[in-house]
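Visitor: I'd like to go through this model with you and ask, at each label, how it was earned. Shall we put it up?

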Amino acid sequence: MQATVKWVDGVMFLGESGSGHAVVMDGAPDHGGRNMGVRPMEMMLLGLGGCASFDVIGILKKSRQAVSDCRVELDAERADGVPSPFTKIHLKFIVSGKGLKLSQVQKAVELSATKYCSASIMLESAGVQLSHSVDIIETEG
């Protein structure tokens, strides 16, 4: 896997993934930015949510659960000072579908966290406390 990050100006950077997708990262005005992109640590948090959601959806589809929507709300705490790494992250999965089994959704989240999600496993091995919860929304049809 490869990526490139190029300085634009101030504290704005353009990141390009090896697959050719680009994203703007920028800082807040009080840090010299113009607030025109996601913060780098927010990008890490988004990556965690994407990685975990990718696994959860895949596991649920393989277990023939009728998923119609999935989102994960991430709530993170960071250490005071510099550097300020993540210390705690809570992932709340809100999964919608018809006849979803809570036990299956919980199992999918657990498997992602302990076996499949590289981002979760990497952060946890670095000392970040990860926790998870699940809400299910029943849908029609």
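Visitor: Where does Asn 35 lie?

Guide: Asn 35 sits in the loop between strand S3 (22–25) and H1. Bear in mind that this is a predicted model.

Visitor: What makes the phi of Asn 35 worth a remark?

Guide: Its sign: phi of Asn 35 is positive, about 60°, although the residue is not a glycine.

Visitor: And why is Asn 35 called partly exposed?

Guide: Partly exposed covers what falls between buried, under 20% relative accessible area, and exposed, over 50%. Asn 35 has 46% relative accessibility, so it counts as partly exposed.

Visitor: Why does Arg 64 count as exposed, then?

Guide: The cut-off for exposed is over 50%. Arg 64 has a relative accessible area of 76%, so it is exposed. Arg 64 belongs to the loop between H1 and S4, and Arg 64 has a positive phi of about 60° without being a glycine.

Visitor: What about Glu 16, is it buried, exposed or partly exposed?

Guide: Glu 16 comes out at 41% relative accessibility, so it counts as partly exposed. Glu 16 is in strand S2 (residues 12–17). From C-alpha to C-alpha, Glu 16 and Ala 3 are 5.7 Å apart, with their positions 13 residues apart in sequence.

Visitor: What makes the bond between Val 82 and Pro 83 a cis peptide bond?

Guide: Look at omega, which is about 0° for the bond joining Val 82 and Pro 83. Pro 83 lies in the loop between strand S4 (66–78) and strand S5 (86–98).

Visitor: On to the helices. How do you know that the buried residues of H2 line one face?

Guide: Start with who is buried in H2: Val 105, Ala 108, Val 109, Ser 112 and Ala 113. Seen down the axis of H2, these fall within an arc of 125°, so they line one face of the helix. On the other side of H2 you'll find Ser 103, Lys 107 and Lys 115 exposed.

Visitor: How does the reach of H2 fit with what is expected?

Guide: Helix H2 (residues 102–116) has 15 residues, and its first and last C-alpha are 20 Å apart, close to the 21 Å expected at 1.5 Å a residue.

Visitor: Why are the buried residues of H3 said to line one face?

Guide: In H3, Ala 119, Ser 120 and Leu 123 are buried. Viewed down the axis of H3, they fall within an arc of 100°, so they line one face of the helix. Ser 118, Met 122 and Ser 125 are exposed, on the face of H3 turned away from its buried side.

Visitor: Now the pockets. Which helix supplies the largest share of the lining of the largest pocket?

Guide: H1 does, with six residues. The largest pocket has a volume of about 460 Å³ and 14 lining residues, with Met 1, Met 43, Met 44, Gly 47 and Leu 48 nearest its centre.

Visitor: How many charged residues are in the lining of the largest pocket?

Guide: None: by class, the lining has nine nonpolar and five polar residues and no charged ones.

Visitor: And what is the lining of the second largest pocket, by class?

Guide: Eight nonpolar, four polar and four charged residues. The second largest pocket has a volume of about 330 Å³, and among its 16 lining residues His 31, Arg 39, Pro 40, Met 41 and Arg 78 are the closest to its centre.

Notes. Residues numbered from 1 in each chain as written. Predicted model: local features only at pLDDT ≥ 70, side-chain atom pairs only at ≥ 80, totals over all residues. Heavy atoms only, no water. 1 Å grid on protein atoms, 1.4 Å probe; cavity = no way out; pocket = protein on both sides within 12 Å on 5 of 7 lines; lining within 4 Å. Points joined across faces, edges and corners; volume = space filled by probe spheres on them. Helix = DSSP H or I, 4+ residues; strand = E, 2+ residues; numbered from the N terminus. Nonpolar A, V, L, I, M, F, W, Y, C, P; charged D, E, K, R; others polar. Expected span 1.5 Å × (residues − 1). Buried < 20%, exposed > 50% of the residue type's maximum accessible area, 1.4 Å probe, protein only. Arc of directions from axis to C-beta.
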